[in-house]
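Welcome, and please get your viewer ready for a walk through this chain. At each stop you will read what to select and what to look for there.

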Amino acid sequence: MGANGGEAARRLLLLSAAAPELAVRETLLLALQHAMAALGGLGGLVHLHGTTPDFGLRLVASSGLPQSFTRGWDGLRGTDPAPPARAVRNDAPVWQPASMALGVPADTGMMSVPLRGSEEVLGALTVLVGNLTGGPSPRQRGELDDLAEWAAERLRRVPPATRILLLGGSDPAISDVPRALEAVRVGAWEYDVRTGEVAWNASMLEVLGLAAEDFDGRVETWQRVVHPDDLPRVMAEVARAMRERGETEFEYRVLRPDGAQGWVQARGRTLTDEAGKPVGMAGALWDTTRTRAALESVARALRQMTDGFLAVGPDWRITFVNVQAERLFGSSEDLTGRLLWEVPAAQRVAGLPVRCRRAVAEGTPTEFEARWPGEGRWYHVRLLPGPEGLTIHLTDVTERRVRKAERAAADRAAAERAARIRELTAALSEAVTARDVVTAVADRVLPPFGASALVVHLVENDRLRVLDAIGYDEGFLKFLDGIPLSRATAVNEALQSGVPTFYASPEEFLERNPGSEKLVAGSGKRAWAFVPLTASGRSLGACVIAFDHPRRVTAEERTLLIAVSGLVAQALERAQLFDTEHRRAKALQRGLLPQGLPEVTAVSAAARYLPAGRGIEVGGDWYDVLPLSADRVALVIGDVMGHGLSEAATMGRLRTAVHTLSDLELPPDEILGHLNDVVSGLGDDFYATCLYAVYDPTTRGCVFARAGHPPPAVMDPDGRVWFPDLAPNAPLGTATPPFDTDELELPDGSLLVLYTDGLVESRGRDFDEGMTRLADTLVEARRRGVARNLDALSEAVASTLVPARLRASDDAALLVVRTHGLAGENIAVWSLPEDPVAAGEARHHVREQLARWDLAELTMPTELIASELVGNVIRHARGPLRLRLLRSRTLICEVSDGSHTTPHLRRASETDEGGRGLQLVGALSQRWGTRYTQSGKTIWAEQPLPEALTP
């Protein structure tokens, strides 16, 4: 690769030495011959474009091809499919295999490249080559392009009239300008050092401008022709060649007899005798005056070239520096002859020495960009190796890089804005509430525009209310809130016109809104964009974006803000509807679920309700703690399958039914039976699960009945968590009563956790895994001491099993209770005979027990209650008869018998001797009632304890 690249560079360097006055056809032929050499071609053609479309392409030069072949390629039309016509027509290189080229021998192909003029394509250069697979290589194509450019550059110098004559077959350049090749005369010479004689031929005399009679054959005569300034150097070079018995070549100036000065190139080799001793030198000499003049012309052009140009010889010494390069490297006087590596500027350019050596070693041009030391400007550096050394071209690309960087920065900014808008669209599609919309705008609109503040106004009852804001203090927002729509303000102007308004500075704002000094000063901002929000044909409000510095919003940004306002308005409209429904749903949920859990003696309780997702936060999950008689408590948790208003309404009906049935003191299995009837009556699409438990603190027993509901978690006082194996039964609405029940004894201080399936089950977690996670959470909470506080415990369980960052697929309810048994010292029980004397005994037991409990002041009403209840049993029921007193938050008096007869209050007349017992019980007690058991019933009455004794 390096060798080929070096050969291409040498070929171009050789062509560049061609005399400027070389004939047009000779120039094209020279380029064609080098192109054939570069591609290994069999022959070549050069076509030039005619003066009219009908004139087409004329063949003006060919090489290596017989006339019988070239005759068919003259006068091509511009629309021909031949490669030269296509190259001119498309202004692009064309490769065409033989199978597609008419008249081209098999196993060959044609490669055509355009010859470009300043404003049009002048013609095409075509090479016939072996049928290469895929055509010439990229390197060969590049070399062909360089040769075509050289030929085209020479053509561009030729006047159009000259080209027209050439197309007609007559080239005035051939007849009027001497051909360069014919002008070269080579003289032969031989020098004998032993005699000092020189032998010349006639051509050498012509080169030196001497007549035959002026030359006497002496070396001194030749030396007088050599320019005095060059003679020492020439003689030294000849002496060196003879001393080394080698060859030499040098160029020097000559002074002709007619006073003209010229340049000649001499080449010679040392002659030796039989002993090998140098005896003379023989060689040739030719005129290089014109070549020198051309090089000097090129040097003058290079000197004034706007790009920097520096030439380095094979020994790495600087041979030429133009004006622009002097500004970068130093003056020409200081640089010429110095090693490139000794120049300070060259040493400081990053990578220059390494790249120069590599370019010369590989023979391949190298290009890179470097920041020039000391001035901070960027230059495109091109290194071109050649036989004479290396040339360095430097082009200032600072402005181009700045423009490129500015374009890149603008593209990045536009891409970032577009990405933010895409993110905004996605965020707005997920925004549920109005505040979600404001947050999305603040996060994804303010940064790409460089804004610092945002206010969103909503129209409410002929006033503008501040929905939310970013970047302002509360005092300023209060100043903005409640502005009447009738007041002349910037935001109202945007609302009424429906067109965004922009203010680039406070001065511009005050000029268009006089009297707003307080508003501008209070905001602390320096530029504003007022964008109305319109959706469904009505004005919802306005979005005000503010900047900390004066800023003019561009036309592109205005268009973008208008598009954004439409997205925001639509999202805000949806969010307002959701907010309205959400407020209603929250009110409904608050009405359906307990506002607070009652304080009871038997248990301490805490609860949590976790709605599903981010939609309307109502569903069919519920919980309850219901006080019963004798300090017992009912614990209820249920789940109507589904999520929404319909399920919430069903839950409300079931909860009401549970309250009613609990007041009747029905056992758990019967309550579930009645609930099953309620759900079945709602239709086939409704079903629910429920767990109903009754805890009795006097026995520490808990009776459970569940209908398709998950079992509770129980934590013993020692920290062991377990899930009791309770009879499952079918869900409500699908079950067939009776329901099975189970009873557990819970030690004092046990933890009972009731929950719905939404707490433990989700899309990514099955039911068993969720129960295990629940148990682990309870154990960890006890280890950290969180379990002592039921509110903290319920929050820990809820946040661990249903994290706030995750959307739950189902509602979840959680009820956590700690049991408190009633101590035996607060319970007193007596069996009474089925005899009228039982009333007296009952009063006796009451007096003694209340005295022991320091409740003597309750003795009289309690004696009357016990006496009346026992008397009713004697008169209207049957035994066994039992009296029980319980001391807790109240004093409870119970009388049990073996009858299921229901006692009724009745209105007794003044003459009736009976019928006033239950009225007396109701008057003396805080509340009273009847509950039924399998063996009979119990009538009970509660009295408040004296305030001093109330726990």
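## The whole chain

Begin with the surface display: the accessible surface of the chain comes to about 46500 Å², and carbon and sulfur atoms hold 51% of it. Keep in mind as you explore that this is a predicted model.

Now switch to a cartoon view. The chain's secondary structure comes to 32 helices and 36 strands. Of the 951 residues in the chain, 48% are buried. Among the contacts in the chain with a separation of 6 or more, 57% are made by residues 24 or more positions apart.

## Stop one: an open sheet

Select strands 11 to 15. In which order do the 5 strands of this open sheet lie? Reading across, the order is 12-11-15-14-13, and the pairing is antiparallel. Pairing of this kind has a common basis: strands of a sheet pair through backbone hydrogen bonds, either parallel or antiparallel.

Look at the two edges next. Strand 12 (318-321) and strand 13 (366-371) stand there with a single partner strand each, so one side of each has no neighbour in the sheet. From one strand to the next, the twist averages 20 degrees.

Zoom in on strand 14 (residues 378-386) and strand 15 (residues 389-396). These two strands run antiparallel and pair over 8 bridges. If you label V381, you will find L394 of strand 15 opposite.

Add helix 16 (residues 352-362) to your selection. Helix 16 packs on the sheet and touches strand 13, strand 14 and strand 15. The direction of helix 16 makes about 30 degrees with that of strand 14.

## Stop two: a hairpin and its next partner

Select strand 16 (residues 453-460) and strand 17 (residues 463-470). The two are antiparallel, joined by 7 bridges. E460 stands opposite R463 in strand 17.

How many residues lie between the strands of this hairpin? There are 2, and N461 takes a positive phi near 50 degrees in the hairpin.

Now bring in strand 18 (residues 483-484), which pairs with strand 17 in the antiparallel sense over 2 bridges. Here L464 faces I483 of strand 18.

## Stop three: a cluster of rings

Show the side chains of Y503, F509, W528 and F530, which ring pairs link into a cluster. The count of aromatic pairs comes to 10. Y503 and F509 make an edge-to-face pair, 4.8 Å centre to centre with 70 degrees between the planes. Are these two residues buried or exposed? Both Y503 and F509 are buried.

Turn to F509 and F530, a stacked pair with 6.1 Å centre to centre and 25 degrees between the planes. This pair links distant parts of the chain: F509 belongs to helix 22 (residues 506-512) and F530 to strand 20 (residues 527-535), 21 residues apart. F530 is buried, as is F509.

## Stop four: the nonpolar cores

Which residues have the most contacts inside the largest nonpolar core? They are V603, W622, L635 and L675, in a core of 52 residues. Strand 25 (residues 688-696) gives the most to this core, with 7 residues.

Centre your view on L635. Leaving aside neighbours within four places in sequence, L635 is in contact with V603, D624, V625, L691, Y692, A693, L752, L754 and V817.

Another core lies apart from this one; its 36 residues include A431, V437, A440 and L446.

## Stop five: another open sheet

For the last stop, select strands 22, 31, 30, 27 and 28, which form an open sheet of 5 strands in the order 22-31-30-27-28 with antiparallel pairing. Why is one side of strand 22 (603-610) and of strand 28 (721-722) left without a neighbour? These strands stand at the edges and have a single partner strand each, so one side of each has no neighbour in the sheet.

Move to strand 30 (residues 751-755) and strand 31 (residues 812-819), an antiparallel pair joined by 5 bridges. L751 stands opposite R818 in strand 31.

Finish with two helices. Helix 28 (residues 767-783) lies across strand 27 (713-715), strand 28 and strand 30, at about 25 degrees to strand 27. Helix 29 (residues 790-801) packs on the sheet, where it touches strand 22, strand 30 and strand 31, and its direction makes about 30 degrees with that of strand 22.

Methods. Residues are numbered from 1 along each chain as its sequence is written. This is a predicted model: local features need pLDDT of at least 70, side-chain atom pairs count only at pLDDT 80 or more; totals for chains, interfaces and linings use all residues. Side-chain values use heavy atoms; hydrogens and water are left out. Two strands pair if DSSP finds at least two bridges between them. Helices (H or I, at least four residues) and strands (E, at least two) are DSSP runs, numbered from the N terminus. Axes are lines fitted to C-alpha atoms, for helices over the stretch in contact, and angles run from 0 to 180 degrees between N-to-C directions. Contact means heavy atoms within 4.5 Å. Buried means under 20% relative accessible area, exposed over 50%, partly exposed in between (1.4 Å probe, protein chains only). Accessible areas come from the Shrake-Rupley method with a 1.4 Å probe; for residues, only the protein chains shown count as cover. A nonpolar core is a set of buried Ala, Val, Leu, Ile, Met, Phe, Trp, Tyr and Cys residues joined through side-chain atoms within 4.5 Å. Rings of Phe, Tyr and Trp (its six-membered ring) pair if their centres lie within 6.5 Å; planes under 30 degrees apart count as stacked, over 60 as edge-to-face and the rest as tilted.
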